[in-house]
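Trainee: Please take me through the empty spaces of this protein, and look closely at what lines them.

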Amino acid sequence: MVHLGPKKPPSRKGSMADVPRDLLEQISQLETLFTIDTQKLNIIVDHFIKELEKGLSKEGGSIPMIPTWVMTMPDGKEKGTYLALDMGGTNLRVCEVELLGNRDFDITQSKYHMPPEMKTGSSEQLWDYIADCLQAFLQSHHPNGAGEELSLGFTFSYPCSQTAIHNGVLQRWTKGFDIDNVEGHDVQPMLEAALKRKNVPITVTALINDTTGTMVASNYTDPETQMGVIFGTGCNAAYFDVVKNIPKLEGLIDLDPETPMAINCEWGAFDNEHVVLPRTKYDVQIDEDSPRPNQQAFEKMIAGLYLGEIHRLVMLDLHEQGFIFENQNVEGLKKSYSIDASLLSQIEEDPFENLTEVEDLFMSRFSIQTTEPERKLLRRLAELIGTRSARLSAAGVAAICKKMGIEKCHVGADGSVFNKYPHFQERGAQALADIFGWKDIPPADHPIKVQPAEDGSGVGAALIAALTLKRMKEGLPVGMKPEIIEKLALEHK
Ligand code: GLC
């Protein structure tokens, strides 16, 4: 695949000359609130590096920095057929991946809608539903039986503490999930019990975060990839560190200090103590009204789940203060999370000078008649929220590169915001250039390039399952020593 690299962020056409003074003032205040200049970005990066290190230390910090027990990158020769399951927010995806041994693969997949109530339903309901989907997949793709027990790479993208590659104790739900009796428990036995109850011949070989899967899948097709990031409903990154840099593993493993170890950062939790991120009152409100206040501070300013909500809260606030939508019924804007990031994308993408598409959108979705100056404010606001998200994301990427001394690499990125939000990639690349001072380097030649990833939760999960089985066959560790795992499990009880 040829990546030309992102273009420069566009300079907006469209004049603000006809925007009345009071609205111009509001726009200027929003610009102050939401803009993160290079100086501030560098302060954030410096603090981020310290927090990444703290997360790896014995005392720990806000960023979980979870050792994933993925200790090898693929060499491209991996072969075999594996199942992959991805539990996302809206869909469950089941894939059968055939690794072809030449950095290539074939994939067959089915998607199953995940009923929204399940996000806050019961644990049994969740595992039974997942087992049913796996069963349905096997029945449609292997009507005569799969032959042998199949190995599954399970992409479960929430912070899980792992003592070995196949298990993970959910630390806490993120991305608006709130299912009882899962936090604090190992998710692998729960899924395997449901599979057993339903006689589904599948073993969970590896439990994977989407970021780790993305990194491994992208590295499979592009060996220059050293990091995997997701900018979607949530936001997170994985990279390879080495055991000697992970003091919190001391005494728990017996590995050469130079052994590589993929770390699932769970960087959404960066700055939960609110030291450095320039939160607005809207960010504070989102946090306070969320099912898990005081958590995922960074993610709540960046990720797709929250971008539309930030826009909605600003609009309502400006309306209540009498600046926009005068004499309009704004009931349609009052429902929390009724606006998602795709609306912001549509606002940013309106090609017309007088933003008539935005006008139609607000009329049809919310029965609100907007004026042209109001629409200009709404568009500027979307640009500000989208740009802030891209610049903060770049701060995370820069922090990992600086911590690891990486001057040149590819970063595999996936997620709806990265793939679909207008100008996100260019704005992120610009922010990296600001941080690293790449003034005269055209974006296509930037030494650190964040580019579209390979399918992490499909190919990545299959590869990790393959790499795990290979390590096990060779007698190499895929987790802590069994006696330590037992001791930790007892302490946990
Ligand atoms: C949330 C999850 C994390 C995941 C990310 C992207 O931050 O906690 O595990 O990688 O979303 O999906």
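Mentor: Start with the lining of the largest pocket. Its residues divide into 9 nonpolar, 22 polar and 12 charged. Keep in mind that the model is predicted. The volume of this pocket is about 1,200 Å³. The lining numbers 43 residues. Closest to the centre are Thr 90, Gly 232, Thr 233, Gly 415 and Ser 416.

Now the second largest pocket. Here the space is about 750 Å³. Its lining has 27 residues, and those closest to the centre are Ser 161, Gln 162, Thr 163, Val 169 and Leu 488. By class, the lining holds 12 nonpolar, 12 polar and 3 charged residues. Three elements each supply at least two of the lining residues: strand S1 (66-67), helix H4 (187-197) and helix H15 (482-492). Helix H15 gives the most, with 4 residues.

Stay with Gln 162, one of the residues closest to the centre of that second pocket. Gln 162 sits in the loop between strand S6 (160-161) and strand S7 (169-170). Is Gln 162 buried or exposed? Gln 162 counts as buried, because its relative accessibility is 10% and the cut-off for buried is under 20%. Its side chain makes two polar contacts to backbone oxygens that are worth finding on screen. The side chain of Gln 162 reaches the backbone oxygen of Asn 167 at 2.8 Å. A polar atom of that side chain also lies 3.4 Å from the backbone oxygen of Ile 165.

Look next at what else touches Gln 162. Neighbours within four places in sequence are left aside here. The contacts are then Ile 66, Pro 67, Thr 68, Trp 69, Asn 167, Gly 168, Leu 207 and Met 480. Two of these, Ile 66 and Pro 67, fall in strand S1. Strand S1 also supplies at least two residues to the lining of the second largest pocket. For a sense of distance, take Thr 205. Thr 205 is 43 residues from Gln 162 along the chain, and their C-alpha atoms are separated by 13 Å.

Thr 205 leads to another buried site, since Thr 205 is among the residues that Leu 152 touches. Leu 152 is found in strand S5 (residues 150-155). At 0% relative accessibility, Leu 152 counts as buried. Leaving out residues up to four places away in sequence, Leu 152 touches Leu 83, Ala 84, Leu 85, Leu 134, Leu 191, Ile 202, Thr 203, Val 204, Thr 205 and Ala 206. Leu 377 lies elsewhere: 225 residues from Leu 152 in sequence, and 49 Å away in space, C-alpha to C-alpha.

Now the enclosed spaces. Rolling a probe the size of a water molecule over the atoms shows where empty space is left. The whole structure has 5 cavities of 30 Å³ or more. The largest has a volume of about 140 Å³. It is lined by 16 residues. Nearest its centre lie Gln 425, Gly 428, Ala 429, Leu 432 and Val 450. Helix H11 (372-404), helix H13 (424-436) and strand S13 (448-452) each give two or more residues to this lining. Helix H13 provides the largest share, 5 residues. The lining of the largest cavity divides into 11 nonpolar, 4 polar and 1 charged.

Helices H11 and H13 come up again with helix H9 (residues 341-349). The buried residues of H9 are Ala 341, Leu 343, Leu 344, Ser 345, Ile 347 and Glu 348. They pack against H11 and H13, and also against helix H8 (304-320), helix H10 (356-366) and helix H12 (416-420).

The second largest cavity holds about 80 Å³ of space. Its lining includes Trp 173, Thr 174, Lys 175, Gly 176 and Phe 177. Ser 290, Pro 291, Arg 292, Gln 295, Gln 296, Lys 300 and Tyr 306 line it too. By class, that makes 4 nonpolar, 5 polar and 3 charged residues.

Two of those lining residues, Thr 174 and Lys 175, bring in the ligand. The ligand is surrounded by 15 residues, and Thr 174 is among the closest, with Asn 209, Asp 210, Glu 266 and Glu 299. A polar side-chain atom of Lys 175 lies 2.9 Å from an oxygen atom of the ligand. For Asn 209, a polar side-chain atom lies 2.7 Å from a ligand oxygen. Tyr 158 uses its backbone: an N or O atom there lies 3.2 Å from an oxygen atom of the ligand.

Technical notes:
Residues are numbered from 1 along each chain as its sequence is written. This is a predicted model: local features need pLDDT of at least 70, side-chain atom pairs count only at pLDDT 80 or more; totals for chains, interfaces and linings use all residues. Side-chain values use heavy atoms; hydrogens and water are left out. On a 1 Å grid over the protein atoms alone, a cavity is a set of points where a 1.4 Å probe fits but cannot get out, and a pocket is an open set with protein on both sides within 12 Å along at least five of seven lines; lining residues have an atom within 4 Å of a point. Grid points are joined across faces, edges and corners, and a volume is the space filled by probe spheres set on the points. Ala, Val, Leu, Ile, Met, Phe, Trp, Tyr, Cys and Pro count as nonpolar, Asp, Glu, Lys and Arg as charged, and the others, Gly among them, as polar. Buried means under 20% relative accessible area, exposed over 50%, partly exposed in between (1.4 Å probe, protein chains only). Contact means heavy atoms within 4.5 Å. A polar contact is a pair of N or O atoms within 3.5 Å; within protein, one must be able to donate a hydrogen and the other to accept it, and residues adjacent in sequence count only if both atoms are side-chain atoms. A residue is near a molecule or strand if one of its heavy atoms lies within 4 Å of it.
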